[in-house]
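Open the structure in your viewer and keep the selection tool ready. The tour below goes from one selection to the next.

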Amino acid sequence: MLFGRRVRNPIKIADKGVAAWKYTTCGYCSTGCSIEVGLDASGKAVAARGVADAAVNQGKLCIKGIFEHELFNSANRGNKPLLRLRTIDPYRDVSWDEALDHTAGEIRRVQKEYGRDSIAIVSTGQILTEEFYTLGKLTRGVIGTNNYDGNTTLCMASAVSGYKRSFGSDGPPGCYDDFAHTGCLLAFGSNLPEQHPIIYWRLKMALEKREFPVIVVDPRVTMFAQMADIHLPITPGTDLVLLNALAHVILRENLHDREYIEAHTTGFEELSRLVAQYDPTTAAGLCGIDEDTIRNVARLYARADAAMSIWTMGINQSTHGSDGVAAINNLNLITGNIGKPGGTSLSITGQCNAMGTREWSSCSGLPGYRALEKEKDRETIAKFWGIDPEFFPQQRGLFMTDIFPAIETGQIKALWLIATNPMTSMPNSPRIRKTIEKLEFLAVQDAYADVETTRYAHVYLPAALWGEKEGVFTNTERRVNLVRKVMEPHGDSKPDLWIFNQLAKRFEQGRKIPFPESPAGVFEEMRELSKGRMLDCSGMTHDRIERQRGIQWPCPEGAETGALRLYADGVFQHPDGKAKLIALPFVDNNERPDGDYPFWLNSGRVVEHFHTRTRTGKIGNVNKFSPTPYMEMNPDAAERLGIEHMTYARLVSRRGDAVVLVQLTQRVPPNMVFIPFHFHECVNRLTLGLLDPYSRQPAFKQCAVKIERAQNQREAAAANVAARAF
Ligand code: SF4
């Protein structure tokens, strides 16, 4: 009986008056759900639903996808290009021609005055792959700056770097189907039910059919940790210690796969010598996991017929994020768990098209996983585009996280931001604000006119939203799926592809190089350039991708479908065809709690929001579940400081301060607090963000704060409300 009723009322689904459903792919996270948007007779988007025969989501959507159709009419969409000569002046509406002429003119002026690399371009993981490819062509082949990167440096760079170091190339080797075959799942720093709800649902479906241990490594008792068989509440920033200790036990107890190691890897001797130093007793003192549990987990993992590891930001956002990924790969290589059903190292990516930028944007090299450092790659692309190979730099330029310090020192004078929001997403945001004010020219291209960077910009270019244009995304498991245009762009906003093409025409070299106008035309170029390569997509077309509800690469011409897994043949992308086992000593270089700043500050995502809330903050049905900046705090710690549930507290770090609403919960230990990273003027006022030496990704999750009860609760509430405005 439900609340005294004797009869269950059937669920009533309101008739929204849908006249037509249009296929597309969700534009939030990297799960890659196929979605249909319902349009009423007037063409207005009124509903969204999952696509039943899609392999990824099988008809399911999370709360963000269910309300995604509301984005088309959300507040503060950009309508007209805006321009001003000085940032103290008000913007005026201008034509596209005037905005683009001015932008091209400023890029040319700055390059003439200060050199080709004095303009930086920072893009995103949100636009379509055809747009990434075109932006790469414009940047590498026409504008010619080497200081070009994406905001994926804040989320996925360590995974890319770790894959490259271990396997010789980027590219997640596994897939969601591995849940159905694995004998043990080890998840590092990944709160799957909140971050990637539909991938979590795939895991639950696999567990309903067959039991296997789920082990979650996370300093916090996340939703995922609560459902796990074993939870390892690790000391922040010490995952490398745990991974080395697991390898130690596996080698010491002869649980490793000698045949696989011999046939497919190099570096075993050096790795053995290094992990010999990480016995569980010593490791327990560093990582906070007791030695028996370390041994137990190592045995469970190594004895399973197939075992897999997944991870997200808990590994990547660290000063040794790249090492952490390489150590996960070590674990899977020594146990022979790469390229087989249920055995993999699967990085769960963040943004809907973080993979697309990794594959085709040319941010870290040249399109199709080609490297600037390789002469042959430079020549292939230069010939294909019809330019001189000498125009390309011979090594990649600055990462996003190095571009801002280069603005501070005057090396970079102009910046073009595309669908990224560094004022909220970069660590130490007070410093970023001061930095950005030093620019001679700032262009912001975004679907929303109210992203905070427009306050500091000279030009604002209004971009179309995902469902207002056409092209592909690649998801976490290398599945390329189609975004169909559901409706016309809002107001006078334009697809990013159109903006890049129009800008190219304003440069002499851009008029010589062909820039296809249509997404299908761009995809043809990508197909051609992918032939024979790891990410071969020559067997795909837009129509075929839609029919099959996404196709995984590689899918060469003539193939029936894409490959589920990489490296099934044990041949890797290093020149000798072998994977590298890498000895990875732990260096403890994080800011840690001390007498002055006694709490660890941890951050992460909540299910209702996506990244910096530029979209979800405007969808009432989503925002209402998590409307305000808050902090999870342990009740014992709060009692000592006289802080009560649902009051406001002020946090202070060595960088700045933030005001949050307190939620008392046992999910965090007494020496730690957790704050969702989505809110403006909040957690990133506090973070330090030391950089990983390989990936240049910031350590968002490890820094120290002190906490005090906000003396004036009314003022604190006002500050808290102000932080929701963006
Ligand atoms: S899980 Fe990710 S891709 Fe799927 S509906 Fe939710 S936000 Fe979209």
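This is a predicted model. Start by selecting residues 280-287, which form helix H11. Within H11, the residues Pro280, Ala283, Ala284 and Cys287 are buried. They lie on the same side of H11, because they cover an arc of only 105° around the axis. The general rule is that an α-helix has 3.6 residues a turn, so residues three or four places apart point the same way.

Now add residues 239-252 and 291-303 to the selection. These are helix H8 and helix H12, and both are among the elements that cover the buried residues of H11. Then select Gly288, just after H11: its phi is positive, at about 80°.

Next, move to the sheet. It is open and has 7 strands, in the order S5-S4-S16-S15-S14-S6-S7, with mixed pairing. Which strands are at the edges? Select 92-93 for S5 and 148-150 for S7; each of these edge strands pairs on one side only. S5 runs antiparallel to S4 (residues 82-83), and 2 bridges join them. To see one pair, select Leu82 and its bridge partner in S5, Asp93.

Select residues 96-114 to show helix H2. This helix lies across S4, S5, S6, S14, S15 and S16, and runs at about 130° to S16.

Finish at the ligand. The residues around it include Cys26, Cys29, Cys33, Leu61 and Lys64. Helix H1 (63-66) and helix H6 (197-209) are the elements that give two or more residues to this shell. By class, the shell has 8 nonpolar, 3 polar and 1 charged residues.

Note on methods
Residues numbered from 1 in each chain as written. Predicted model: local features only at pLDDT ≥ 70, side-chain atom pairs only at ≥ 80, totals over all residues. Heavy atoms only, no water. Buried < 20%, exposed > 50% of the residue type's maximum accessible area, 1.4 Å probe, protein only. Helix = DSSP H or I, 4+ residues; strand = E, 2+ residues; numbered from the N terminus. Arc of directions from axis to C-beta. Contact = heavy atoms within 4.5 Å. Pairing = 2+ DSSP bridges. Axes fitted to C-alpha atoms, helices over the stretch in contact; angles between N-to-C directions. Near = heavy atom within 4 Å. Nonpolar A, V, L, I, M, F, W, Y, C, P; charged D, E, K, R; others polar.
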